[in-house]
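Please read the following report with the sequence and the coordinates open beside it. It deals with the packing of helices and with selected residues at their contacts.

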Amino acid sequence: SYRDLEVWQRACDLAVDVYQLTERFPKHEIYGLTTQMRRCATSVPANIAEGRGRHNDGDFVRFLCIAAGSLAELETFIELTRRLDFAGADELASLEQAAEEVGKMLHGLIAAIREAPGR
């Protein structure tokens with residue numbers, strides 16, 4: 001099950017962290033950066049789950065790549081958050097570290113599936 005994948009669990013944790021962070025954003029950002037960050041953050045675990053649920057390695061890799069794209073989008077929004085001074089440096093550094101770890105896990109899983117015998 002996708003629920004057993006550590007990368008999915010970590011991606012869910014990251015999405016929760018993004019929700020908690022954006023809860024404190026200025027109210028005028030509710031339809032801007034807040035929504036954008038939440039959508040791409042939740043897209044990461046959702047695409048991992050959808051890809052795994054298709055029970056096909058090719059589809060799984062494709063959805064993992066989509067998750068990686070959403071993660072890159074989130075990292076961009078974290079940088080914009082820093083530049084707009086919407087959150088503290090330590091909090092953003094922690095979020096960036098979590099995103100980097102999820103990214104490494106995604107790319108490792110993609111590589112492992114692609115290199116599996118019979119592919």
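The text below describes a helix pair, the nonpolar core and several residues of one helix in a predicted model.

**The pair α1 and α2**

Two packed helices are described by the angle between their axes and the distance between the axes. For helix α1 (residues 6-22) and helix α2, the axes come within 9 Å and cross at roughly 165°. Because angles over 145 degrees count as roughly antiparallel, α1 is roughly antiparallel to α2. The crossing of these two helices is left-handed. On the α1 side, the contact is made by V7, W8, A11, C12, A15, V18, Y19, L21 and T22, while α2 contributes T34, M37, R38, A41, T42, V44, P45, I48 and A49. By residue class, this contact of α1 with α2 divides into 14 nonpolar residues, three polar ones and one charged one.

**The nonpolar core**

The largest nonpolar core has 34 residues, and those with the most contacts inside it are M37, V44, I48, L71, L74, V102 and L106. Each of the helices α1, α2, α3 (57-83) and α4 (89-115) supplies at least two residues of this core, and α3 gives the most, with nine residues.

**Residues along α2**

Helix α2 spans residues 33-53, and T34 has its place there; N47 and I48 are also found in this helix. The table gives the relative accessible area of these three residues.

| Residue | Relative accessible area | Class |
|---|---|---|
| T34 | 2% | buried |
| N47 | 10% | buried |
| I48 | 0% | buried |

All three are classed as buried because their values fall under the 20% limit. Leaving aside residues up to four places away in sequence, T34 touches T22, F25 and E29, and the pair T34 and T22 belongs to the contact between α1 and α2. With the same kind of sequence neighbours left out, N47 is in contact with F63, I66 and A67.

What does V44 touch beyond its neighbours within four places in sequence? The contacts of V44 are A11, A67, S70, L71, V102 and L106, and among these L71, V102 and L106 are, like V44 itself, listed with the residues that have the most contacts inside the core.

I48, again without its neighbours within four places in sequence, is in contact with L5, V7, W8, A11, F60, L64, A67 and L106. One of these partners, L64, is 16 residues away from I48 along the chain, and the C-alpha atoms of the two are separated by 5.7 Å.

How values were computed: Residues numbered from 1 in each chain as written. Predicted model: local features only at pLDDT ≥ 70, side-chain atom pairs only at ≥ 80, totals over all residues. Heavy atoms only, no water. Helix = DSSP H or I, 4+ residues; strand = E, 2+ residues; numbered from the N terminus. Buried < 20%, exposed > 50% of the residue type's maximum accessible area, 1.4 Å probe, protein only. Contact = heavy atoms within 4.5 Å. Axes fitted to C-alpha atoms, helices over the stretch in contact; angles between N-to-C directions. Parallel < 35°, antiparallel > 145°, perpendicular 65-115°, else oblique. Left-handed = near helix turned anticlockwise from the far one by under 90°. Nonpolar A, V, L, I, M, F, W, Y, C, P; charged D, E, K, R; others polar. Core = buried A, V, L, I, M, F, W, Y, C linked by side-chain atoms within 4.5 Å.
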